[in-house]
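The exercises below ask you to read residue environments from a structure, and each is followed by a solution that goes step by step. Please try each task with the structure open before reading on.

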Amino acid sequence: MAGTQKQEETHMEQEALTKTEFAQVLDKLDKLEGGLFSKMDCLLKPITDKLDQMNLNLQNVAKVAEEAHAMAATHAEEIKALKAKDDHLQEQIVLLSNRSRFFNLKLRGMAEEVEKTADLTLYMSNWLKTILNIKNDSVQIISQAYRLGKQKNTSRPFPRDIIVTLTDITFKKQILDIAKEHGHLNHGNEQISVFPDLAPEALAKRRELKEIVATLREANLRFRWITPLKIQVSYKAQVYTIFNEESGMEVLQLLKLPKPPRSERQSVKRKIQLVNTPPKDPKKTPWS
């Protein structure tokens with residue numbers, strides 16, 4: 001057993017490295033490591049270059065997207081401002097065209113025989129004085145009255161509307177209030193409907209809001225036209241303003257009311273046209 005141990009010690013002494021040999025091994029390992037890292041760098045360089053380029057491209061794309069988003073937001077604000085300006089200008093056009101009609105009322109359903117026996121302005125003045133219970137003959141309540149369109153013919157089943165121009169806005173309000181209370185004005189056996197005399201643009205706008213108005217009426221909500229183009233709705237101490245179909249839909253949604261079907265909304269939608277647009281047939285006067 002002692003012999004075997006001696007042989008192993010001799011074998012280990014034979015395998016032991018000198019300091020020089022150990023240093024040489026470390027040097028080789030360092031060179032091998034440097035070569036491996038160099039080769040790895042060569043292999044990885046195209047990949048890292050490509051990743052760097054992709055990162056740069058992504059930064060450029062993000063920058064362009066950010067600029068585009070900012071530009072889109074700016075354009076959206078500009079478009080919104082232009083639309084608001086266009087809506088305001090259209091409203092001003094309608095208000096200006098209605099200014100000359102401010103004291104007017106439109107009466108519908110009065111037979112045309114009245115003109116055969118009396119001047120229409122004088123006849124309407126006396127009749128409206130009776131409606132307003134004005135007994136003073138010196139009070140002038142209208143300045144003019146006339147029929148719309150040409151004289152009655154056999155092809156027109158209803159009498160032409162009458163436009164009366166009141167001398168005071170108070171008279172106009174009183175007549176409208178009486179007509180609203182009773183649903184009409186009585187003229188003998190005839191029931192005369194009364195309307196504000198509105199410009200064609202205002203009438204077109206009101207037709208556009210027809211289904212909105214019908215929905216408000218069905219819900220028994222209080223509303224009124226504060227201008228020829230704007231509706232004011234009162235509900236639970238809140239006041240809402242409707243000035244186009246879009247705002248009308250928003251108000252209906254806030255009030256949790258059903259929206260009119262799209263087909264019905266489209267059927268009543270009209271594009272507002274300027275007053276000076278000539279009719280298709282200049283010989284015919286369109287009904288108001």
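**Exercise 1.** In this predicted model, determine whether Lys173 is buried or exposed, and find the residue with which Lys173 forms a salt bridge.

*Solution.* Begin with the surface: Lys173 has a relative accessible area of 53%, and because exposed means over 50%, Lys173 counts as exposed. Next look for a carboxylate partner, which is Asp177, with the closest N and O atoms 3.1 Å apart; that distance falls within the 4 Å cut-off for a salt bridge. Then place the two residues on the secondary structure: both lie in helix 5 (residues 169–182), four residues apart, which is about one turn of the helix. The general rule behind this step is that an α-helix has 3.6 residues a turn, so residues three or four places apart point the same way. Finally, Asp177 has a relative accessibility of 39%, so it counts as partly exposed.

**Exercise 2.** Find which residues of helix 6 (residues 200–208) are buried, and examine the salt bridge between Lys205 and Glu208.

*Solution.* The buried residues of helix 6 are Glu201, Ala202, Ala204, Lys205 and Glu208. They lie on the same side of the helix, because the arc that they cover around the axis is only 160°. Turning to the charged pair, Lys205 and Glu208 form a salt bridge in which the closest N and O atoms are 3.9 Å apart, a value that still lies within the 4 Å cut-off. The two residues are separated by about one helical turn, because they are three residues apart in helix 6. As for their surroundings, both Lys205 and Glu208 are buried.

**Exercise 3.** Work out how many salt bridges the model contains, and describe the one that Arg108 forms with Asp161.

*Solution.* The count comes to five salt bridges. In the one between Arg108 and Asp161, the closest N and O atoms are 2.8 Å apart. This pair links distant parts of the chain, with Arg108 in strand 1 (residues 104–108) and Asp161 in the loop between strand 2 and strand 3 (162–166), 53 residues apart. Compare the accessibilities next: Arg108 is partly exposed, with a relative accessible area of 34%, whereas Asp161 is buried, with a value of 1%.

**Exercise 4.** Identify the aromatic pair in the model and state its geometry.

*Solution.* A pair of aromatic rings is described by the distance of the centres and the angle of the planes. By the rule applied here there is one aromatic pair, formed by Phe102 and Phe103, whose ring centres are 5.4 Å apart and whose planes are at 90°. Because planes over 60 degrees apart count as edge-to-face, that is the term for this pair. Both rings belong to partly exposed residues, since the relative accessibility is 47% for Phe102 and 34% for Phe103.

**Exercise 5.** Locate Ala237 and Lys256, and state what the sign of phi is in each.

*Solution.* Phi is near 65° in Ala237, a positive value in a residue other than glycine, and Lys256 likewise has a positive phi, near 55°. Ala237 sits in the loop between strand 7 (230–235) and strand 8 (238–242), while Lys256 sits in the loop between helix 8 (245–254) and helix 9 (262–268). With relative accessible areas of 84% for Ala237 and 76% for Lys256, each is classed as exposed.

**Exercise 6.** Describe the surroundings of Gln140, starting from its place in the chain.

*Solution.* Gln140 lies in the loop between helix 4 (120–132) and strand 2 (142–147). Its relative accessibility of 51% is over the 50% cut-off, so Gln140 counts as exposed. Leaving aside neighbours within four places in sequence, Gln140 is in contact with Thr167 and Phe171. As a further distance to check, the C-alpha atoms of Gln140 and Leu122 are separated by 9.7 Å, the residues being 18 apart along the chain.

**Exercise 7.** Find which residues form a nonpolar surface patch with Phe22.

*Solution.* Phe22 belongs to helix 2 (residues 19–99) and is partly exposed, with a relative accessible area of 48%. The patch consists of Phe22, Val25, Leu26, Leu29, Leu32 and Leu36, which together have about 560 Å² of accessible area.

Terms used: Residues numbered from 1 in each chain as written. Predicted model: local features only at pLDDT ≥ 70, side-chain atom pairs only at ≥ 80, totals over all residues. Heavy atoms only, no water. Buried < 20%, exposed > 50% of the residue type's maximum accessible area, 1.4 Å probe, protein only. Contact = heavy atoms within 4.5 Å. Patch = residues over 30% accessible without salt bridge, like charges linked within 9 Å, V, L, I, M, F, W, Y side chains within 5 Å. Areas by Shrake-Rupley, 256 points an atom, 1.4 Å probe, with all protein chains shown as cover. Salt bridge = Lys/Arg side-chain N within 4 Å of Asp/Glu carboxyl O. Arc of directions from axis to C-beta. Phe/Tyr/Trp six-rings, centres within 6.5 Å; stacked < 30°, edge-to-face > 60°.
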